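Subject: Structure for you to look at

Hello,

Please find the structure below, with the sequence. My notes on what was found follow it.

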Amino acid sequence: MDARPVPQPALDRMVDPAGHPLVVGVVPGQDPLVVRTAAAWGRAVGAPYLHLAYVDPARYVVQERADGSVAHMSMDPDTADDAWQRTRDELRAQAAEHLAGQQVVWRVHYLAGRPDRALTHLARAVDASAIVVGSRSGRLRELLEGSIALHVAYHQHRPVLTVPLSVVDWQDPRAPWQR
């Protein structure tokens, strides 16, 4: 097995934001603030595309393709293997609604496996300048599982723009899991 070092962030690996796409992590029912923020940043830097990516943790990657797409299968062999298509279609409808009139070109990618790994693969494949994700609530689940934004930031060299979806009042003395 080839033991190559993990590529590290460096000046020669920077992707100029001007004219490069953005990868945007999306989930069904997500607050439109995430894609609208990505659209605003995309317009500001002249991004030719917003690559909206949903990562299904109940599926696994069979093959990663050079364009960032993946062939995937259900982890549960008893589940109908076409159920993912409904989610993909829901995400497309959600994107069309949230991005109507935003003057951006977008595409939905249905990915599988670990969100940090899948978003990183897509960003490399499309030569994205950054990855945009929504924050979570800061509640116990996130404290235990960790932030997707943080995991993504640790596994690739692109900047990660985290869109706050809820904030915790810094003056609130209660612990995050008590909110």
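One of the contacts in this predicted model is a salt bridge between Arg 88 and Asp 89, whose closest N and O atoms are 3.3 Å apart. Asp 89 also has a salt bridge with Arg 92, and there the closest N and O atoms are 3.9 Å apart. Arg 88, Asp 89 and Arg 92 are thus linked in a network of salt bridges. Helix 2 covers residues 83–99. Both Asp 89 and Arg 92 lie in this helix, three residues apart, which is about one turn.

The members of the network are not equally covered by protein. Arg 88 has a relative accessibility of 18%, so it counts as buried, the limit for that being under 20%. Asp 89, at 39%, counts as partly exposed, and Arg 92 is partly exposed as well because its value is 38%.

The structure holds four salt bridges. Another of them joins the side chains of Arg 114 and Asp 116, with 2.8 Å from N to O. Which class does each partner fall into, buried or partly exposed? Arg 114 is partly exposed, with 49% relative accessibility. Asp 116 is buried, since its relative accessibility is 6%.

Next, the interior. Rolling a probe the size of a water molecule over the atoms shows where empty space is left. The structure has one cavity of 30 Å³ or more, and about 50 Å³ of space lies in the largest cavity. Its lining is made by Val 26, Val 35, Leu 52, Leu 91, Gln 94, Ala 95, His 98 and Val 108. By type, the lining residues of the largest cavity divide into six nonpolar and two polar, with no charged residue. Helix 2 gives the most to this lining, with four residues. The helix that holds Asp 89 and Arg 92 therefore also takes part in lining the cavity.

On the surface, Tyr 60, Val 62, Met 73 and Met 75 make a nonpolar patch of about 380 Å². One of these residues, Val 62, lies in strand 3, which runs over residues 59–64.

If you want places to begin in the viewer, I would suggest the network of Arg 88, Asp 89 and Arg 92, the lining of the largest cavity and the nonpolar surface patch.

Regards

Terms used:
Residues are numbered from 1 along each chain as its sequence is written. This is a predicted model: local features need pLDDT of at least 70, side-chain atom pairs count only at pLDDT 80 or more; totals for chains, interfaces and linings use all residues. Side-chain values use heavy atoms; hydrogens and water are left out. Patches are made of residues with over 30% relative accessible area and no salt bridge: like charges are joined within 9 Å, nonpolar side chains (Val, Leu, Ile, Met, Phe, Trp, Tyr) within 5 Å. Accessible areas come from the Shrake-Rupley method with a 1.4 Å probe; for residues, only the protein chains shown count as cover. Helices (H or I, at least four residues) and strands (E, at least two) are DSSP runs, numbered from the N terminus. Buried means under 20% relative accessible area, exposed over 50%, partly exposed in between (1.4 Å probe, protein chains only). On a 1 Å grid over the protein atoms alone, a cavity is a set of points where a 1.4 Å probe fits but cannot get out, and a pocket is an open set with protein on both sides within 12 Å along at least five of seven lines; lining residues have an atom within 4 Å of a point. Grid points are joined across faces, edges and corners, and a volume is the space filled by probe spheres set on the points. Ala, Val, Leu, Ile, Met, Phe, Trp, Tyr, Cys and Pro count as nonpolar, Asp, Glu, Lys and Arg as charged, and the others, Gly among them, as polar.
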